[in-house]
Amino acid sequence: MLKPDTLALTIVLALLTALGPLSTDMYLPSLPAIAAGLDATTGQTQLTLSAFLLGFAAGQFFYGPISDRIGRRPVLLFGFGLFTIASLICALSPNIETLIGARFLQALGASGPIVLGRAIVRDFYEGPRAGRELSRMGTIMGVVPAAAPILGGVIERFTGWRVTFGVMILFGVALAATIHFRMPESIRRKSDVPISFTTILRGFQVLLGHAGYRTYVGLSMLTYGGLFAFISGSSFVLQKIYHLDELSFAFSFTFVVAGFMTGTTLAQRFVGRYGLDGTIRIGVTCLALGGITMLSLVLAGVPSSLSISAPMAIYGVGVGLTMPQSMASALMPFPDRAGAASSLLGICQMTFAAIVGILLGRNLDASAIPLPATIATTGVLALVLFLTTGRARGDQPLG
């Protein structure tokens, strides 16, 4: 059985949280081909991404509170089952409307493992140790978004986008088998609160009454909003405006992944030296710097795709430093509601990202500027939020 403080458990938890990136990044190189093959517009094709995030947000409403009540393992297995069935529908979709709907269902399934991966970390670990574990998971998880677009580009080049969803099915089945045979139940004390829509909302109300929780959730929302803007918009900008082919785009995507993995690696060192908030401070600075640099280069008319990819690596470092520590800090005050706290964090994060994706998708056909403008805005707002909420976070001056 998988045990705490082992690399095996960290890898499995990392793969749980990688289900979302796998479900989005692998088919990014195929978005133009999907639009052409299903006779869809750019905006309609973008909805397959936004629908995924909306489904992700909806699913997280229930997974955390239900797992607090009945345990993590059965809820995990249900999520993987739904994810696998929906992936099959995606692979067989005859039109864009079916694909959008199937992506929503796929996200309902994928949201469970990701929510519960964070909750299991809180079940097993506390304080900076939880932040380090989430950073370790992020470093391992970074392999998936690095490899997924490349694999998706190869699949698109030689077989077509439908096979991409077949690979997702295999991934889901393999993880479900691992959970069934190897994952112990992690929850220490199950909640005795009856599950209903009203009680879930009341629990969320208690969480939102905590100023620190609101602040860290806001930081996670802004950080991921900028990252999702790149995820959803980069394929159209880099392939249509900068004229990269599928494989070149896939390799350019590794800039942000390399930045993210660098950030999570640095975070494992920084969190012991500077604490959770000190690490976040460095992270939000990188977010703002990366976004502003990208916008400046695009406005200056730099013709190379590196004007997008290179600054995004800086933003990626910020994501790796900010996201794991913000999540750990948000969950820390609620050991008995880790599932619900993780759910609400994910709902807010994914809903915000979906709105960003929808708004961005309406403005991508003619110019590259909306992409860096969005990323710069989220990065600067994250920095401002951090600098103005010291009291809410209980922030202490660094050394």
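## Salt bridge within helix α7

Glu-133 and Arg-136 stand three residues apart in helix α7, so about one helical turn separates them. In this predicted model, their side chains meet in a salt bridge with an N to O distance of 3.4 Å. The two partners differ in exposure: Glu-133 is buried, with a relative accessible area of 0%, whereas Arg-136 counts as partly exposed at 25%.

## Salt bridges between distant parts of the chain

A search of the whole structure finds seven salt bridges. One of them pairs Asp-277 with Arg-393, whose side chains meet at 2.8 Å, N to O. Asp-277 belongs to helix α13 and Arg-393 to helix α17 (residues 390-393), so this contact ties together parts that are 116 residues apart in sequence. Both Asp-277 and Arg-393 are buried. Elsewhere, salt bridges with shared partners join Asp-5, Arg-129, Glu-133 and Arg-136 into one network.

Arg-157 also forms a salt bridge, with Asp-245, and the closest N and O atoms are 3.9 Å apart. This pair likewise links distant parts of the chain: Arg-157 sits in helix α8 (residues 143-158), Asp-245 in the loop between α11 and α12 (246-252), and their positions lie 88 residues apart in sequence terms. Arg-157 counts as partly exposed because its relative accessibility is 41%; Asp-245, at 36%, also counts as partly exposed.

## Enclosed cavity

The search of the whole structure finds one cavity of 30 Å³ or more. The volume of the largest cavity is about 550 Å³. Its lining comprises 28 residues, of which Pro-21, Met-141, Tyr-224, Phe-260 and Met-323 are the closest to the centre. The elements that contribute two or more residues to this lining are α2 (19-25), α4 (42-70), α6, α7 (127-141), α11 (211-241), α13 (254-299), α14 (306-331) and α15.

Helix α15, one of these contributors, covers residues 338-361. At 1.5 Å a residue, its 24 residues should span 34 Å, and the end C-alpha atoms are 34 Å apart, which agrees. The helix is mostly covered, with 18 of its 24 residues buried.

## Largest pocket

The largest pocket holds about 380 Å³ of space. It is lined by 18 residues, and those nearest its centre are Asp-68, Ser-191, Val-193, Asp-336 and Arg-337. Helices α4 and α10 (197-208) each supply at least two residues of the lining. The greatest contribution comes from α10, with six residues.

## Nonpolar surface patch

Leu-54, Ile-85, Ile-89, Phe-104 and Leu-105 make a nonpolar surface patch of about 400 Å². At least two of the patch residues come from each of α5 (72-91) and α6 (96-124). Ile-89 lies in helix α5 and is partly exposed, with a relative accessible area of 36%. Residues in such a patch need over 30% relative accessible area, so the 36% of Ile-89 meets that requirement.

## Ala-376 in helix α16

Ala-376 is placed in helix α16 (residues 370-387). Its relative accessible area is 7%, so Ala-376 is buried. Ala-376 and Ser-296 are 80 residues apart along the chain, and their C-alpha atoms are separated by 9.5 Å.

Conventions: Residues are numbered from 1 along each chain as its sequence is written. This is a predicted model: local features need pLDDT of at least 70, side-chain atom pairs count only at pLDDT 80 or more; totals for chains, interfaces and linings use all residues. Side-chain values use heavy atoms; hydrogens and water are left out. Patches are made of residues with over 30% relative accessible area and no salt bridge: like charges are joined within 9 Å, nonpolar side chains (Val, Leu, Ile, Met, Phe, Trp, Tyr) within 5 Å. Accessible areas come from the Shrake-Rupley method with a 1.4 Å probe; for residues, only the protein chains shown count as cover. A salt bridge is a side-chain nitrogen of Lys or Arg within 4 Å of a carboxyl oxygen of Asp or Glu. Helices (H or I, at least four residues) and strands (E, at least two) are DSSP runs, numbered from the N terminus. Buried means under 20% relative accessible area, exposed over 50%, partly exposed in between (1.4 Å probe, protein chains only). The expected span of a helix is 1.5 Å times one less than its number of residues. On a 1 Å grid over the protein atoms alone, a cavity is a set of points where a 1.4 Å probe fits but cannot get out, and a pocket is an open set with protein on both sides within 12 Å along at least five of seven lines; lining residues have an atom within 4 Å of a point. Grid points are joined across faces, edges and corners, and a volume is the space filled by probe spheres set on the points.
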